[in-house]
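Colleague: I'd like a close look at a single part of this predicted model. Could you pick one strand residue and walk me outward from there, through its neighbours and on to whatever surrounds them?

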Amino acid sequence: MPRSSAVTSSSMLKKIHHVGVVVPSLDAGLKFWRDTLGLQFTKSATIEEQGVRAALLKAGESEIELLEPLDSDNAVGKFLARRGGGLHHVCFETDDVARELDAARAKGIQLIDQKPRHGLAGMICFLHPKATRGVLVEYAQPPAE
Ligand code: CMX
């Protein structure tokens, strides 16, 4: 019999909001994720501050976020050059991104952002992959409907 254990948690992470995928170009990414897999395109934008063009596609209650680097020298550009693209980050949805960021700070988790900032998914912040077993983690508080 598998054993289960009760876990108590103060985290208010609600679901996986999106999974970030780095692609050489949004057009190439959309050809597969939208045209072949059939995911519904919701929006795209250039986010200069993050150095990317990004597109969101719906998969049920969650999304796939395609990321095309604006520059080969920035973080996403280096990721594309080094790994040829692919899975880049996991984003959890929360009602209060500042509270989650404070909770992560209080646990001594290395942060990338010291305070929430604007992203395609709303107010966002990142935890450093060195502190999260190699997975880049984002928290997002989507804009109120
Ligand atoms: N997942 C896991 N590890 C990653 C990673 C990723 N997506 N990107 C880089 N790394 C690792 C590198 O492999 C490297 O590991 P080693 O030291 O073992 O070789 C380490 O992180 C540092 O890499 P680096 O090249 O020195 O640093 P970068 O300049 O690439 O920065 C990171 C890495 C995570 C700090 C940077 O990508 C970052 O700040 N990310 C957050 C912002 C972001 O990703 N924005 C795009 C998405 C925008 C959005 O969703 O709105």
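Modeller: Let's go with His 88, which lies in strand S5. Is this histidine buried or exposed? In this predicted model, His 88 counts as buried, because its relative accessibility is 16% and the cut-off for buried is under 20%. Setting aside residues within four places in sequence, His 88 is in contact with Gly 20, Val 21, Val 22, Leu 67, Val 76, Phe 79 and Leu 136.

Start with the strands around it. S5 covers residues 86-93, and S1 covers 15-22. S1 and S5 are paired antiparallel, with 7 bridges between them. One place to find that pairing on the model is Val 22, whose bridge partner in S5 is Gly 86. S5 also pairs with S8, and those two strands run parallel, joined by 5 bridges. There you can look for Glu 93, which has Ala 140 as its bridge partner in S8.

Now take one of the contacts of His 88, namely Val 76. Val 76 lies in helix H2, a helix that spans 75-83. What does Val 76 touch, beyond residues up to four places away in sequence? The list is Val 22, Val 52, Leu 67, Pro 69 and His 88. Val 76 is buried too, since its relative accessible area is 7% and anything under 20% counts as buried. There is also a long hop in sequence here: Val 76 and Val 23 are 53 residues apart along the chain, and their C-alpha atoms are separated by 9.5 Å.

Val 76 leads straight into the largest nonpolar core, which has 10 residues: Val 22, Ile 47, Val 52, Ala 54, Leu 56, Leu 67, Val 76, Phe 79, Leu 80 and Leu 120. Both S3 and H2 supply at least two residues each to this core. Apart from it lies another core, with 9 residues, including Val 21, Val 23, Leu 30 and Leu 57. Val 21 is also one of the contacts of His 88.

Within the 10-residue core, Ala 54 is worth a stop. Leaving out residues up to four places away in sequence, Ala 54 touches Leu 26, Lys 43, Ser 44, Ala 45, Ile 47, Glu 65, Leu 66, Leu 67 and Leu 120. Leu 67 is also the bridge partner of Ala 54, over in S4. S3 (52-59) and S4 (62-69) pair in the antiparallel sense over 8 bridges. They form a hairpin with 2 residues between them, and Gly 60 in the turn has a positive phi of about 65°.

On to the other pairing of S3. S2, residues 40-47, pairs with S3 in the antiparallel sense over 7 bridges. Gln 40 has Lys 58 as its bridge partner in S3, while Phe 41 stands opposite Leu 57 in S3. The hairpin of S2 and S3 has 4 residues between the strands, and there Gly 51 takes a positive phi near 70°.

Back to His 88, this time for the space beside it. The largest pocket holds about 820 Å³ of space. Of the 33 residues that line this pocket, the closest to its centre are Ala 75, Val 76, Phe 79, His 88 and Leu 136. Which element gives the most to that lining? H2 does, with 6 residues. Strands S3, S4, S5, S6, S7 and S8 are also among the elements that each supply at least two lining residues. By class, the lining divides into 18 nonpolar, 7 polar and 8 charged residues.

For contrast, here is the second largest pocket, with a volume of about 300 Å³. Of its 14 lining residues, the closest to the centre are His 17, Glu 63, Pro 142, Pro 143 and Glu 145. S1 and S3 each supply at least two residues of that lining, which by class comes to 5 nonpolar, 2 polar and 7 charged.

One last backbone detail, in the loop between S7 and S8, where you will find Arg 133. Its phi is near 55°, a positive value in a residue other than glycine. Arg 133 is exposed, because its relative accessible area is 80% and exposed means over 50%.

How values were computed
Residues numbered from 1 in each chain as written. Predicted model: local features only at pLDDT ≥ 70, side-chain atom pairs only at ≥ 80, totals over all residues. Heavy atoms only, no water. 1 Å grid on protein atoms, 1.4 Å probe; cavity = no way out; pocket = protein on both sides within 12 Å on 5 of 7 lines; lining within 4 Å. Points joined across faces, edges and corners; volume = space filled by probe spheres on them. Nonpolar A, V, L, I, M, F, W, Y, C, P; charged D, E, K, R; others polar. Buried < 20%, exposed > 50% of the residue type's maximum accessible area, 1.4 Å probe, protein only. Pairing = 2+ DSSP bridges. Core = buried A, V, L, I, M, F, W, Y, C linked by side-chain atoms within 4.5 Å. Contact = heavy atoms within 4.5 Å.
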